[in-house]
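Work through these exercises with the model open. Try each task before you read its solution.

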Amino acid sequence: MNKIPNNIKYVICGISALIFLLFFLGIINPFGFNDSLQKITGYFFGLSFNNLDYLAISSIPIFGMLFNSKRNEFKTAELIKDILYIVLCVLITIAIGLYLLTFIGKPTNPLIPQYLITEPFFLYSTLTIGIGILIPFLIIKRTVKRNEINDIGIEN
């Protein structure tokens with residue numbers, strides 16, 4: 001993190017705080033995606049978003065900054081790529097999580113329509129967002145270890 005200039009750190013933290021405030025005040029509403037998602041998939045996903053989800057989503061730029069600090073030198077374009085990479089990983093894990101919900105989230109009561117999908121446990125959405133944030137860090141850690149092994153002189 002020492003390679004990143006302080007003004008960039010302040011901007012990233014400000015963007016994260018602004019995103020959280022927009023979520024918290026209700027200006028950005030994630031429930032608006034349910035209508036379009038229902039038209040595409042035919043399922044209505046009854047997901048509950050709480051402040052922890054908002055905090056995880058709004059902290060993606062900070063995690064992108066941490067992810068960028070693994071690089072040898074700082075470039076703003078690479079910081080933006082790293083943030084977008086984390087956003088892509090989060091979107092992919094949310095999509096996979098919604099796909100899994102179509103199997104495990106269907107109601108067992110015959111009086112409830114089968115197109116209504118609910119979360120199997122309370123922090124399901126938070127868990128999928130957290131996994132999406134962690135995936136890039138796990139991938140980069142593995143590549144760093146391989147490079148360190150090659151520097152030592154051990155071949156695969």
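**Exercise 1. Aromatic pairs**

Task: Find how many aromatic pairs the model holds, then classify the pair Phe23 and Tyr54.

Solution.
- Step 1. Apply the rule: rings of Phe, Tyr and Trp (its six-membered ring) pair if their centres lie within 6.5 Å; planes under 30 degrees apart count as stacked, over 60 as edge-to-face and the rest as tilted. The count comes to seven aromatic pairs.
- Step 2. Take Phe23 and Tyr54. Their centres are 4.9 Å apart and their planes differ by 5°, a stacked pair.
- Step 3. Place the two rings. Phe23 sits in helix α1 (residues 6-25) and Tyr54 in helix α3 (residues 51-58); the pair links distant parts of the chain, 31 residues apart. Helices (H or I, at least four residues) and strands (E, at least two) are DSSP runs, numbered from the N terminus.
- Step 4. Check the cover. Both Phe23 and Tyr54 are buried. Buried means under 20% relative accessible area, exposed over 50%, partly exposed in between (1.4 Å probe, protein chains only).

A note on the source: this is a predicted model, in which local features need pLDDT of at least 70, side-chain atom pairs count only at pLDDT 80 or more, and totals for chains, interfaces and linings use all residues. Residues are numbered from 1 along each chain as its sequence is written, and side-chain values use heavy atoms, with hydrogens and water left out.

**Exercise 2. A second ring pair and a cluster**

Task: Explain why the pair Phe121 and Tyr124 is edge-to-face, then name the rings that form a cluster.

Solution.
- Step 1. The ring centres of Phe121 and Tyr124 lie 5.5 Å apart, and the planes meet at 80°, so the pair is edge-to-face.
- Step 2. Compare the cover. Phe121 has 42% relative accessibility, so Phe121 counts as partly exposed. Tyr124 has 8%, so Tyr124 is buried.
- Step 3. Follow the ring pairs. They join Phe63, Phe67, Tyr85 and Phe137 into a cluster.

**Exercise 3. Helix α5 and the nonpolar patch**

Task: Describe the span of α5, then find which residues form the nonpolar patch.

Solution.
- Step 1. Helix α5 covers residues 76-104. The helix has 29 residues and reaches 42 Å from its first C-alpha to its last, close to the 42 Å expected at 1.5 Å a residue. The expected span is 1.5 Å times one less than the number of residues.
- Step 2. List the patch: Tyr85, Leu88, Ile92, Ile96, Tyr99, Leu100, Phe103, Ile104 and Ile139, with about 890 Å² of accessible area together. Patches are made of residues with over 30% relative accessible area and no salt bridge; like charges are joined within 9 Å, nonpolar side chains (Val, Leu, Ile, Met, Phe, Trp, Tyr) within 5 Å. Areas come from the Shrake-Rupley method with a 1.4 Å probe; for residues, only the protein chains shown count as cover.
- Step 3. Find the main source. Helix α5 gives the largest share, eight residues.
- Step 4. Look at Tyr85, in helix α5. Its relative accessibility is 31%, so Tyr85 counts as partly exposed.
- Step 5. Turn to the buried residues of α5. Among them are Leu79, Ile83, Ile86 and Val90. An α-helix has 3.6 residues a turn, so residues three or four places apart point the same way.

**Exercise 4. Ile12 and its contacts**

Task: Which residues does Ile12 touch, leaving aside its neighbours within four places in sequence?

Solution.
- Step 1. Ile12 lies in helix α1. With a relative accessible area of 6%, Ile12 is buried.
- Step 2. Contact means heavy atoms within 4.5 Å. Ile12 is in contact with Pro61, Ile62, Met65, Leu79 and Ile83.
- Step 3. Check Met65. This residue belongs to helix α4 (residues 60-68). At 2% relative accessibility, Met65 is buried.

**Exercise 5. Salt bridge**

Task: How many salt bridges are there, and which side chains take part?

Solution.
- Step 1. A salt bridge is a side-chain nitrogen of Lys or Arg within 4 Å of a carboxyl oxygen of Asp or Glu. The count is one.
- Step 2. Glu73 and Lys75 form it, at 3.8 Å, N to O.
- Step 3. Lys75 is partly exposed, at 41% relative accessible area.
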